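Trainee: Could we go through this structure together? I would like to learn how to read it piece by piece.

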Amino acid sequence: MTDLAADAERVLATVRYVVLATIDPDGAPRVSPVFFTRDGRDVYWVSSPSAHHSRNVEREPRVEGVVFDSTVRVGSAEAVYLTGRAQVVPDGELEARCAAAYADTRDGVAFTPSELSGEADIRLYRFEVDRWEVLVRGSDPERGTGTDRRVPAPLG
């Protein structure tokens, strides 16, 4: 099953958006696509604290997400599902967290602590992932069971 981890790593390394699911005050789900970066089990994104999903995270830190390429042919989808908790990164952690979040600058995106604190309109958010799952298609020649399913994947 170690190839599941490789599958997950490939998707996470090539797709740059996670569809983030937060919980509204009435318990309804709220989904938002956000550009993300990753460092091990931590997924980072930048957002305004006044954004709907940011207010949800402040009130209820449990979040889920899915990373997938929506441009692939039907029947060939790959996806990684994430479950965990999120929070705004405190100002005192911004230097270390920005260094981790933006160690890979291939996308040309990197924020500095000064852009994410004080009077700035945006903040850095950290999604600490507790569980990673990979989509295994029902038709997969090695792991398929006839029904698409999520399978836990060990990730760093």
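Trainee: Which residues of α3 are exposed?

Mentor: This is a predicted model, where local features need pLDDT of at least 70, side-chain atom pairs count only at pLDDT 80 or more, and totals for chains, interfaces and linings use all residues. Residues are numbered from 1 along each chain as its sequence is written, and side-chain values use heavy atoms, leaving out hydrogens and water. Helices are DSSP runs (H or I, at least four residues), as are strands (E, at least two), numbered from the N terminus. Exposed means over 50% relative accessible area with a 1.4 Å probe and protein chains only, buried under 20%, and partly exposed in between; in α3 the exposed ones are Glu95, Ala96 and Ala99.

Trainee: And within what arc do the buried residues of α3 fall?

Mentor: The buried residues are Leu94, Arg97, Cys98, Ala100 and Ala101. They line one face of the helix, because, seen down its axis (using directions from the axis to the C-beta atoms), they fall within an arc of 160°.

Trainee: What covers the buried residues of α3?

Mentor: Look for contacts, meaning heavy atoms within 4.5 Å. The cover of this buried face includes three strands: β3, β4 (42–47) and β7 (123–136).

Trainee: In β4, which residue is the bridge partner of Thr37?

Mentor: Two strands pair if DSSP finds at least two bridges between them. β3 and β4 have three bridges and pair in the antiparallel sense. They form a hairpin with two residues between them, and Gly40 in the turn has a positive phi of about 60°. Within this pairing, the partner of Thr37 in β4 is Tyr44.

Trainee: How many bridges join β4 to β7?

Mentor: Five of the six residues of β4 are buried, so this strand is largely enclosed by the rest of the structure. One bridge links Trp45 to Tyr125 in β7. β4 and β7 run antiparallel, and the bridges that join them number six.

Trainee: Let's turn to Ala8. What separation do the C-alpha atoms of Ala8 and Val134 have?

Mentor: Ala8 sits in helix α1 and counts as buried, because its relative accessibility is 0%. Leaving aside neighbours within four places in sequence, Ala8 contacts Val80, Val134 and Leu155. Ala8 and Val134 are 126 residues apart along the chain, yet their C-alpha atoms are separated by 6.2 Å.

Trainee: Is Arg16 buried or exposed?

Mentor: Arg16 lies in the loop between α1 and β1 (17–23). Not counting residues up to four places away in sequence, Arg16 touches Val34, Phe35, Phe36, Thr37, Arg106 and Asp107. With a relative accessible area of 14%, Arg16 is buried.

Trainee: How much space lies in the largest pocket?

Mentor: On a 1 Å grid over the protein atoms alone, a pocket is an open set of points where a 1.4 Å probe fits, with protein on both sides within 12 Å along at least five of seven lines. Points are joined across faces, edges and corners, and the volume is the space filled by probe spheres set on them. For the largest pocket, this comes to about 160 Å³.

Trainee: Which residues lining the largest pocket are closest to its centre?

Mentor: Lining residues have an atom within 4 Å of a point. α1 (2–14), β3 (37–39) and α3 (94–101) each supply at least two of them. Of the 13 lining residues, the closest to the centre are Arg16, Thr37, Arg38, Asp104 and Arg106.
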